[in-house]
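Morning, everyone. Please have a look at the chain on the screen, and then we will walk through it piece by piece.

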Amino acid sequence: MSSPRTPKNRRVSRPQHRRHQHLLEVSVRRDIARMQRLRAVFFFTFRLLLIVGLVTGAYLGGKECLRRFLWENPDYFLAELRLNTDGALTHEQVRTTAGIEIGRNIFTVDLAAAREALDKLPQVERVTLQRVLPNRIDVNITERQPIAWVAEKVDDEHPSVSENSFLVDSRGVAMRIKAKLPEYLSLPVIAGVSSENVVLGQRVRSYEMLAALDLIRLNKDNTRFHPRLLDISKGYCVIVSDQLHRKFIFRLDGIDRQVARLMRLLDFSEKDGRQIQQVNLFVERNTPVLFAKTEQEIADAAALSAGATPPSKDSKGRPISSLKKGETQPAPASTPANNSPKSSTPPHRSNGPADSVKKPFRLNG
């Protein structure tokens with residue numbers, strides 16, 4: 001007798017039947033579906049209008065608040081422009097250049113544009129602007145300090161009255177200053193610079209100008225040698241006249257070493273009691289020095305020009321004004337009357353036979 005078969009898992013449906021057995025068939029009425037779509041559109045439109053209304057209200061309300069409490073608030077109208085500077089710039093010059101108007105709203109002032117305009121002034125080295133609420137702007141300016149005048153030629157006219165002259169600072173930046181302070185009139189003058197090669201607000205990069213500026217910087221606090229006029233027109237040297245109208249010639253390189261040599265020469269002249277009139281420092285060894293004449297030498301020269309005999313001097317070159325005590329002036333020796341004056345022609349000396357061979361000297365007429 002055969003054993004019964006064990007049951008197995010079998011599919012009871014066809015593939016076509018399984019494709020449709022999980023679908024839910026629901027029938028909806030047309031009017032209900034229309035109401036649902038209208039309701040969705042309504043809620044979307046309402047939310048959009050609400051958001052737009054809130055944004056517009058916030059914008060208009062904020063704008064009105066800013067207008068009333070900020071832009072048109074008299075508490076924020078600019079009432080003071082405080083200027084702190086170490087130079088000659090005036091309050092009016094700064095305000096006009098920066099374009100800052102008193103009475104204008106402080107928040108409408110463009111500080112970046114004002115700072116850029118002030119930086120373009122040749123005499124301005126550094127500038128900062130700051131709003132101080134409610135109605136003040138602080139302007140702090142560091143100006144370039146001029147150390148010399150620059151002129152085209154050497155003349156008796158002071159550069160401060162010439163339109164072609166300008167000022168330079170220690171870095172050689174050229175500038176013109178409308179308000180001239182009294183201390184600017186005593187600054188040294190650098191002559192021999194053409195104004196065509198100078199751009200205001202930029203450095204003068206010529207080698208002669210840099211050498212002249214080095215001379216001024218090194219001797220700024222020197223009381224023995226203070227340059228007053230520096231002529232660089234030669235192109236290879238600097239001819240300097242100081243406060244005592246002495247003349248010094250410097251090379252363009254090694255200014256510090258030449259100044260040290262000059263100080264040694266001044267020390268030597270002071271110990272010797274002589275006054276230097278001219279020194280050529282262009283020569284390193286055996287430096288040519290011209291000393292000024294003393295009062296006695298000037299008097300002797302005047303006496304010689306007048307035809308008088310200059311006074312006698314001792315071994316040290318000092319004049320003998322009077323005889324020593326107890327000495328009498330010796331009487332001049334008298335010539336006897338019977339003695340005939342000696343002939344100025346020396347007697348002829350015979351040196352032997354060779355004298356008869358020599359021919360007499362004759363001057364070619």
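Which residue in strand 7 does valine 150 stand opposite? The partner is isoleucine 190. We will come back to that pair.

A word on the source. This is a predicted model, where local features need pLDDT of at least 70 and side-chain atom pairs count only at pLDDT 80 or more, while totals for chains, interfaces and linings use all residues. Residues are numbered from 1 along each chain as its sequence is written, and side-chain values use heavy atoms, with hydrogens and water left out.

Now the overall picture. The chain has 8 helices and 12 strands. Helices (H or I, at least four residues) and strands (E, at least two) are DSSP runs, numbered from the N terminus. Of the 365 residues in the chain, 26% are buried. Buried means under 20% relative accessible area, exposed means over 50%, and partly exposed is in between, with a 1.4 Å probe and protein chains only. The chain exposes about 27500 Å², and carbon and sulfur atoms supply 54% of that. Accessible areas come from the Shrake-Rupley method with a 1.4 Å probe; for residues, only the protein chains shown count as cover. Next, contacts, meaning heavy atoms within 4.5 Å. Among contacts in the chain with a separation of 6 or more, 51% are between residues 24 or more positions apart.

Back to strand 4. All 6 of its 6 residues are buried, so the strand is largely enclosed by the rest of the structure. Who are its neighbours? Two strands pair if DSSP finds at least two bridges between them. Strand 4 runs antiparallel to strand 5, and 4 bridges join them. One bridge puts proline 146 with aspartate 169 in strand 5. With strand 7, residues 189-191, strand 4 pairs in the parallel sense over 3 bridges. That is where valine 150 stands opposite isoleucine 190.

Follow strand 5 now. In a regular strand, side chains alternate between the two faces of the sheet. Here Phe166 and Val168 point one way, Leu167 and Asp169 point the other way, and all are buried. Strand 5 also pairs with strand 6, residues 174-175, in the antiparallel sense over 2 bridges. Leucine 167 stands opposite methionine 175 there. The two strands form a hairpin with 4 residues between them. Glycine 172, in the turn, has a positive phi of about 85°.

On to the nonpolar cores. A nonpolar core is a set of buried Ala, Val, Leu, Ile, Met, Phe, Trp, Tyr and Cys residues joined through side-chain atoms within 4.5 Å. The largest has 32 residues, and those with the most contacts inside it are Ile190, Val238 and Phe250. Several elements each supply at least two residues of this core, including strand 4 (146-151), strand 5 (166-169) and helix 6 (255-272). Helix 5 gives the most, with 6 residues. Apart from this core lies another, of 18 residues, among them Ile106 and Leu118. As for phenylalanine 250, its contacts include Leu215, Val238, Ile255 and Phe282, not counting residues up to four places away in sequence.

Next, charges. How many salt bridges does a search of the whole structure find? It finds 13. A salt bridge is a side-chain nitrogen of Lys or Arg within 4 Å of a carboxyl oxygen of Asp or Glu. Take arginine 144 and aspartate 169, with their closest N and O atoms 3.8 Å apart. This pair links distant parts of the chain: arginine 144 is in the loop between strand 3 (136-143) and strand 4, and aspartate 169 is in strand 5, 25 residues apart. Arginine 144 and aspartate 169 are both buried.

Arginine 251 and aspartate 253 form another salt bridge, at 3.2 Å between the closest N and O atoms. Arginine 251 is buried, with a relative accessible area of 11%. Aspartate 253 counts as partly exposed at 37%. Elsewhere, salt bridges that share partners join Glu64, Arg67, Arg68 and Glu72 into one network. Within it, arginine 67 meets glutamate 72 at 2.9 Å, N to O.

Last, the surface. Phe42, Phe43, Phe46, Leu50 and Leu54 form a nonpolar patch, with about 540 Å² of accessible area together. Patches are made of residues with over 30% relative accessible area and no salt bridge: like charges are joined within 9 Å, nonpolar side chains (Val, Leu, Ile, Met, Phe, Trp, Tyr) within 5 Å. Phenylalanine 43 sits in helix 2, residues 30-71. At 40% relative accessibility, phenylalanine 43 counts as partly exposed.
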